[in-house]
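Subject: Structure handover

Hello,

Here is the structure you are taking over. Please open it first, and then read the notes below it.

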Amino acid sequence: MNREVRVRFAPSPTGALHIGGVRTALYNYLFAKKMGGKFLLRIEDTDQTRFVPGAEEYIQKSLEWLGISPEESPWNPGDCGPYRQSERKPMYMQYAMDLVEKGHAYYAFDTSEELDAMRERLTAARVVSPQYNSITRTQMKNSLTLPEDEVKERLASGEPYVIRIKIPRKEEVRLNDMIRGWVMVHSNTLDDKVLMKSDGMPTYHLANIVDDHLMGITHVIRGEEWLPSAPLHVLLYKYFGWEDTMPQFAHLPLLLKPDGNGKLSKRDADKHGFPIFPMDWTDPNSGDKASGFKEEGYLPDAFLNFLAFLGWNPGDHREIFSLDELVEAFTIDRIGKSGTKFDINKAKWYNEQYLRNKSDDELAGFLISDVVKEGLSVDLAKAAQIVAIMKERATFPSDLWKEGKFMLIAPISFDDNVASKKWNADAVTVLSTYREKLANFEDALTPESAKALLETSAEENEIKFGKVMQVVRLAITGVGAGPDLMAVFAILGKEELMNRISFALDTLKIQA
């Protein structure tokens, strides 16, 4: 192919962007960048009855958050606009009429009641899939069965009609899918799809083909659910005389439920308690709210890395890829044919890896933001110290505050399960001695010096160091487990340690 590679992501503004759509956008973006081409975004809003306010902006913001913004879009138009199908409405009729004039499409005047009656007749005759096709159209009210004069009269009177494609009988339709190889379909399994609706708007099938042709799209990378429509699209390219520039197709495998049984849906996400949209979404009609990966605390680069592996693999054992590395490694032939199970635990694992690979100063920014929201303050140096010992225990940035707040807020209560079993005379003795040694210690406290003083406090009282470690943690943090305790001591400093020890000694009682 000598043409510039041009791919497009073409969502409908009917609600929030499903994770499957995000993956489609990502694969299009990776392919375009790998091939030195362009990634376009086109809003396919031909079905105005399903238009949802705010959906377009949601798509735009989601792609911006992920860093995969298109070169051409409704918000950044190029030479092939408009990039909303509703704004391209006037041009579609001329292409539909071209097909009618060539004998590849026809007018159909059937009412909804007549269409229902046709389906009922076919169902009664035990037809498995009742369709308006090359057989049934001969019994319907269309320009193939009506006299030419009557057709003209109906059109002139303004009678509602649709334009349908005329699918040939007993013809093999073939396409070479980049993922699945050769796909062959018999035309007698296809129906005469509507190309132009009675409201003058094109259906997806017509608008999609016309727009892809006029926008110079070279590769159509889309979900598997569009594979049954591909033969129809191949026929349209043939009928328009555009076979030489017809794009190559690649139909992506489905994203499956966690158990692998069926396509992943919002209901499954709600059931298992994980997001399915990139960002929070509030339905403007129902008011229903759905959480997004962004607000749940997923980092965009981690989310993209996770998403890339839902159907694709690099052919080796590597799992961590930056966006640039994904571009370099990405090839269509490494996309699998089978559906991929959605595993939220793998998404969390990716988030943990990316979180731990960030610098302490970067992570400190997350912590400081949460601290400020709580009406508190902490300087960058101390925040960096805290995140350094907390990041190995964190899945999301918010965990740095949730799990590390004890280093900024002294405990006012203690874990009863630990206190009832571990708080005893030995604990009181060691902590009392430790408090005295801290009071006389003049140097800055380090993890090493904090540990040495604590070990000495135990040894002097002939108490085993390990025997009191958990209860010492309890006194300082309020709980019986957490990050490296001596590192915590160094961050808190001796004055704060002494105050916390005093509070614990005054509050906790030895149980009989």
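A residue counts as buried when its relative accessible area is under 20%, and as exposed when that area is over 50%. This cut-off is needed further down. Please keep in mind that the model is predicted.

Aromatic rings

There are 25 aromatic pairs in the structure. A pair of aromatic rings is described by the distance of the centres and the angle of the planes. One of the pairs is F309 with Y350: the centres are 6.2 Å apart, the planes make an angle of 45°, and the pair is tilted. F309 lies in the loop between α10 (300–308) and α11 (323–329), whereas Y350 belongs to helix α12 (residues 344–357). With their positions 41 residues apart in the numbering, the two link distant parts of the chain.

Are F309 and Y350 buried or exposed? F309 has a relative accessibility of 19%, so it counts as buried. Y350 is at 1%, and therefore it counts as buried too.

F309 and Y350 also belong to a cluster linked by ring pairs, which includes Y27, F274, F306 and W312. F321, F330, F342 and W349 are in that cluster as well.

Charges over rings

W349 appears again here: the charged end of K346 sits over its ring, 4.2 Å from the centre. In another such case, the charged end of R154 sits over the ring of F109, at 5.5 Å from the ring centre.

The largest pocket

The largest pocket has a volume of about 1,100 Å³. Its lining is made up of 39 residues, and P11, S12, G21, E225 and W226 lie nearest the centre. Three elements give two or more residues to this lining: β1 (6–9), α1 (19–34) and β8 (219–223). Which element gives the most? That is α1, with five residues. Sorted by class, the lining has 16 nonpolar, twelve polar and eleven charged residues.

Annotated domains

The UniProt record, an unreviewed entry, has the annotation "domain: Glutamyl/glutaminyl-tRNA synthetase class Ib catalytic" for residues 4–349. Over residues 4–349, the chain is 34% helix and 14% strand, with 38 Å between the end C-alpha atoms. UniProt also lists "domain: Aminoacyl-tRNA synthetase class I anticodon-binding" (unreviewed entry) for residues 380–504. Over residues 380–504, the chain is 71% helix and 0% strand, and its end C-alpha atoms are 29 Å apart.

Regards

How values were computed. Residues are numbered from 1 along each chain as its sequence is written. This is a predicted model: local features need pLDDT of at least 70, side-chain atom pairs count only at pLDDT 80 or more; totals for chains, interfaces and linings use all residues. Side-chain values use heavy atoms; hydrogens and water are left out. On a 1 Å grid over the protein atoms alone, a cavity is a set of points where a 1.4 Å probe fits but cannot get out, and a pocket is an open set with protein on both sides within 12 Å along at least five of seven lines; lining residues have an atom within 4 Å of a point. Grid points are joined across faces, edges and corners, and a volume is the space filled by probe spheres set on the points. Helices (H or I, at least four residues) and strands (E, at least two) are DSSP runs, numbered from the N terminus. Ala, Val, Leu, Ile, Met, Phe, Trp, Tyr, Cys and Pro count as nonpolar, Asp, Glu, Lys and Arg as charged, and the others, Gly among them, as polar. Rings of Phe, Tyr and Trp (its six-membered ring) pair if their centres lie within 6.5 Å; planes under 30 degrees apart count as stacked, over 60 as edge-to-face and the rest as tilted. Buried means under 20% relative accessible area, exposed over 50%, partly exposed in between (1.4 Å probe, protein chains only). A charge sits over a ring if NZ of Lys or CZ of Arg is within 6 Å of the ring centre and within 35 degrees of the ring normal. UniProt positions are given in the numbering used here, feature names are shortened, and annotations may be inferred rather than shown by experiment.
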